[in-house]
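Visitor: I would like to take a close look at a single part of this model, and I would appreciate an answer that keeps its threads together.

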Amino acid sequence: MSNPKLRLAVTVALLATGCATASTSDRRLFSALNVLDPDVQPFPDVPTQTFATGQELKEPPAYKDTNPNPNIYEFDVTAGQGALPILNGPKTQMFLYNGQFPGPTIRCKEGTIVKAHFHNRLPLPANIHFHGMIIPPEQDGAPQNLVSPGQDHTYTWVAHKDFPMNTWYHAHPHGITHVEVPRGLSGFTQILATKDPLPAAYGNSQITLLDQRFDANNQFTPDTEFDRINGREGNIVFVNGQILPKLTLKPGEIRRLTILNGSPARFYDVAIPGVEVLWVGTDGGLFEKPIPITHQLVTNSERIQILIKAPPVPNQSYTMVALPFDRGLLPKHDVAVPLMTVRTSAAPVVKPPPVPALLRHIDPIPQTGLRRTIDMRFGTFDTIKHFNINDKRFDPLRIDNVANHDQTEVWTLTSKNGPWWHPMHLHSTQFQVIEQNNVPTPFPAWKDTVPISSSGQVRFVVRYIGFPGLFFFHCHILAHEDDGMMTTLYVNNRTDGPRLGDNLTRLPTESSPELVRWATRLQADRPVPIAEACGEDVDRIKVRDPFGVSSQSVDQALRWMAAGRVIPVQLADR
């Protein structure tokens, strides 16, 4: 990056790169992952994207709907390698959805049937996690639901009618999520309300914040042991794939923005000095009432919806910044990071429609039912310290928690040691935060991610109103997640199934595609105790290739499981 003005404009403290080399034990893919083909060409038939500072803010296009039925939104998603000119000089080798950075937007109305045809053309297993959506877990692209290189898969789900929201989708293969997402595999999801309480004149723009770290040749630098502990932060922050773009408004105009933190570790305490800002929504959609703010913290995977009102003065510029914030990182951030410019045009002052005093009604979830305790720790496993939950590192063969469908629970989350904040995310549902650090939440809101401060505590209430199946709860600092700070929750819809509060060390017997797919990810020849779960003396399933199970084998296994049978065969046929 040779342009001195560019270096000055995007000044961000570089992370130390002289950290001690990580042990090879159980590091999986935390070392440099050189899977990108240096000779790869950009996606065919995709216009070349150009990136420079000071351009007008651009929003990614929506996926093209290929289904004539207005109630079905059907599209194709291809994950592949590509080279884009995101900096001055050489193109950067990236992972991309449909050749775009960020990926195209999933945009449909609430109640729409969504069919996403996913084609994995990467050299690694990949998938799509529809973050924040209330959908069946087996359709949610969870860490174990992987699509092998060269293979295809169709996700089908319905955009929940009661939850219009602005959220996102991203890759989620366990162990390499921290590799795939920062290299480009993410995009926005916009579920539009049938009757939106906010005036259409405000627009509905999406902003994705994503930082990355580059070497002198504009390629991603390898991860370090420092990144595993603190999370990977970059030396450049992108806004919708652009560097310091500008948003031009008419004097007096109101614009609706959703800001997503799509970074692997960096927090953004967003402020626009000199501009009036109303906070109107979060992860799960709008609040009941607008809230005036001067700044708002957005941790990893969180979204905020805001209304910004351009001052009634033409030809003025205001800078959206990320204020200094201490998330437990060393060295600490002590300077504001400029993100983009909000500029008023020379047009006459406009008078926008008034902001509604009431946006919608949110019923608080009653604080009844089971109490569940979740502790986040940094502890020693096999002589190496790892992030974990309740003193257990994530294990694909272990179900840590069970609950009943339609059951209400109150969760208490505590950060037990270490200086780090942890943004904790629960899959396939939405919850309501009750209190943070013993301070009651002043208003109800729907969330799927909540930050926990160092040595802090959060309580939230959740009701499993969506679908039964295997849920996941994890830190959304991607390095922490892949290092083991993730736990499982099996939501049961059987009256004779596991009891509330049980900790399972065996797999349940009911048909569950996600549980079969767990077996496909195991290390070579590691046994899967299906026989123990079924209580019968049969051969254990073994997998030769952790990503090489054929669809025929899985389909047969599912049929046997659905019939209540064990699987006395090997799920490896190549």
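Which residues does Phe130 touch, not counting residues up to four places away in sequence?

Guide: The model is a predicted one, and in it Phe130 touches Ile106, Ala116, Ile135, Gln139, Asp140, Tyr155, Trp157, Trp168 and Tyr169, once residues up to four places away in sequence are set aside. Phe130 also belongs to the largest nonpolar core, a set of 43 residues in which Tyr97, Phe118 and Phe130 are those with the most contacts. The elements that give two or more residues to this core are β1 (72-84), β2 (92-97), β3, β4 (113-120), β6 (152-158), β7 and β8, and β1 gives the most, with four residues. A second core, separate from this one, has 30 residues, and Val270, Ile293, Ile304 and Ala322 are included in it.

Among the strands that contribute to the core around Phe130, β8, which spans residues 186-192, deserves a slower reading, since six of its seven residues are buried and the strand is thus mostly covered. Strand β8 pairs with β3 (residues 103-109) in the parallel sense over five bridges, and in that pairing Arg107 stands opposite Gln190 of β8. Strand β7 (residues 165-170) is joined to β8 as well, here by six bridges and with the two strands running antiparallel. Within that antiparallel pairing, Trp168, which is one of the residues that Phe130 touches, has Phe188 of β8 as its bridge partner.

The cysteines can be treated with the same care. Cys108 counts as buried because its relative accessibility is 6%, where the limit for that class is under 20%, and Cys475 counts as buried because its value is 0%. As for covalent links between cysteines, a search of the whole structure finds zero disulfides.

Another buried residue to inspect is Met486, which is found in strand β30 (residues 486-492) and is classed as buried because its relative accessible area is 0%. Leaving out residues up to four places away in sequence, Met486 touches Pro143, His174, Ile389, Phe394, Phe472, Phe473, His474 and Glu481. From C-alpha to C-alpha, Met486 and Leu426 are 9.9 Å apart in space, while 60 residues separate them in sequence.

How values were computed
Residues are numbered from 1 along each chain as its sequence is written. This is a predicted model: local features need pLDDT of at least 70, side-chain atom pairs count only at pLDDT 80 or more; totals for chains, interfaces and linings use all residues. Side-chain values use heavy atoms; hydrogens and water are left out. Buried means under 20% relative accessible area, exposed over 50%, partly exposed in between (1.4 Å probe, protein chains only). Two strands pair if DSSP finds at least two bridges between them. A disulfide is a pair of cysteine sulfur atoms within 2.5 Å. Contact means heavy atoms within 4.5 Å. A nonpolar core is a set of buried Ala, Val, Leu, Ile, Met, Phe, Trp, Tyr and Cys residues joined through side-chain atoms within 4.5 Å.
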